[in-house]
Amino acid sequence: MKFTVNTKEMEKALTDIQVKGKYQKDTGLTNGSLDSIVKFNCVGNRLTLSNADVGTFVVKLFLEVEGEEDGSYVGDVTKIISYLKKFGETTNFTVGDSLTITSGSRKAKMPTIVEHPHDNAISRIDNMTNHISYREDEQMFSFGKGKFECKFAMSSEDFDSTMAMAELVGRGIYRIETKDGDVKFSSTQHATNHYEEVIETSQYVGEEATVEFSSPLHRFFPKGQVLNFYVRDDFPILVISEDRMIIKAPTIEG
């Protein structure tokens, strides 16, 4: 694998793909992230970064690069980010037995990891989403043996502000309810600790659906993006923008 990329864009992408935010733990909401081990796959001028965790949380980010040689790489991005902060405007990535990154006269090497800790989940989701892309129409995608039943769009700013309020409940489980063109986000600890908000959305199409999820999905999407949500009762949630997507398994309690 060999490509050249804008250094700042790559630094941000490698930070975003870790999805840092507030996660539900036994002790309540705690700051955390996905693994710092990330899978790279370069085909032509398109680089795909993938990450996942044991809870069937798969994230993919697509970046435009100047590709020279197709290939893949798995490694810990913590040190890569540290070097990128000190590199010039562009950085060259070359993978052989190890990863070499260069910028001007600066050069660093890092080891290759055999495979991502959750490579099976990444590969499975790759096969299930290779027909999915960001689009501004009423297309309802299939996923595995099922099919999403409701689609709506909202801004990344609205998603972020709504989730920030829902996090104040402190439970870390969030509900999406769609009905008659309305979309409601909520979180409930008990009867007197509850937050809900009806969101302004567009491109609403499909049937009534209710699904719960955990994890800070909103932290993955930067400002200025339009997000397409695909949902179905007790079914994985798909959130996709022009350059990234999340697939999150639903939270189904006892």
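## Contacts around Met140

Two residues are said to be in contact when heavy atoms of theirs lie within 4.5 Å. In this predicted model, and leaving aside its neighbours within four places in sequence, Met140 is in contact with Lys147, Phe148, Glu149, Cys150, Lys151, Val205, Gly206 and Tyr230. Met140 itself lies in the loop between helix α3 and strand β12, the strand that covers residues 142-143.

One partner in that list, Tyr230, stands 90 residues away from Met140 along the chain, and yet the C-alpha atoms of the two are separated by 7.7 Å. Is Met140, as a loop residue, buried or exposed? Its relative accessibility is 14%, and because buried means under 20%, Met140 counts as buried.

## The chain as a whole

The secondary structure of the chain comes to 4 helices and 22 strands. The radius of gyration is 19 Å, close to the 18 Å that the globule rule gives for 254 residues, so the chain is as compact as a globular protein of that length. Taken along the principal axes, the box that the C-alpha atoms fill is roughly 60 × 40 × 30 Å.

Contacts and surface add to this picture. Of the contacts in the chain with a separation of 6 or more, 61% are between residues 24 or more positions apart. Buried residues make up 48% of the 254 residues, while the accessible surface of the chain comes to about 12,400 Å², with 44% of that area belonging to carbon and sulfur atoms. The chain carries 29 positive and 39 negative charges, and the mean positions of these two groups are 6 Å apart.

## Cysteines and disulfides

How many disulfides does the structure hold? The number is 0. In general, a disulfide is a covalent bond between the sulfur atoms of two cysteines.

Two cysteines can be looked at for their surroundings. Cys42 is buried, with a relative accessible area of 1%, and Cys150, which is one of the residues in contact with Met140, is buried as well, with a relative accessible area of 0%.

## Two residues with positive phi

Most residues other than glycine have a negative phi. Against that background, Val19 deserves a look, since its phi is near 45°, a positive value in a residue other than glycine. Val19 is found in the loop between helix α1, which covers residues 7-16, and strand β2, which covers residues 21-25, and at 0% relative accessibility this valine counts as buried.

Asp180 also has a positive phi, near 55°, and it too is a residue other than glycine. The loop that holds Asp180 runs between strand β15, residues 173-179, and strand β16, residues 182-190. Whereas Val19 is buried, Asp180 counts as exposed, at 73% relative accessibility.

## Buried residues in a helix and in strands

Ile122 has its place in helix α3, which spans residues 119-129, and this isoleucine is buried, with a relative accessible area of 0%. Once the neighbours within four places in sequence are left aside, Ile122 is in contact with Lys39, Ser50, Asn51, Ala52 and His116. The C-alpha atom of Ile122 is separated by 8.5 Å from that of Val59, a residue 63 residues apart from it along the chain.

Arg244 is found in strand β22, residues 244-248. Is this arginine buried or exposed? With a relative accessible area of 5%, Arg244 is buried. Not counting residues up to four places away in sequence, Arg244 touches Asp16, Lys60, Leu61, Phe62, Phe220, Phe221, Pro222, Gln225 and Val239. Phe62, one of these partners, is 182 residues apart from Arg244 in sequence, but 5.9 Å apart in space, C-alpha to C-alpha.

Ser103 has its place in strand β10, residues 98-103, and is buried, with a relative accessible area of 10%. Apart from neighbours within four places in sequence, Ser103 is in contact with Phe87, Gly88, Thr90 and Thr91. How far apart in space are Ser103 and Thr251, which are 148 residues apart in sequence? From C-alpha to C-alpha, Ser103 and Thr251 are 44 Å apart.

Terms used
Residues are numbered from 1 along each chain as its sequence is written. This is a predicted model: local features need pLDDT of at least 70, side-chain atom pairs count only at pLDDT 80 or more; totals for chains, interfaces and linings use all residues. Side-chain values use heavy atoms; hydrogens and water are left out. The radius of gyration is taken over C-alpha atoms; the globule rule is 2.2 Å times the number of residues to the power 0.38. Buried means under 20% relative accessible area, exposed over 50%, partly exposed in between (1.4 Å probe, protein chains only). Accessible areas come from the Shrake-Rupley method with a 1.4 Å probe; for residues, only the protein chains shown count as cover. Lys and Arg count as positive and Asp and Glu as negative; His and the chain ends are not counted. The place of a charge is taken as NZ of Lys, CZ of Arg, CG of Asp or CD of Glu. A disulfide is a pair of cysteine sulfur atoms within 2.5 Å.
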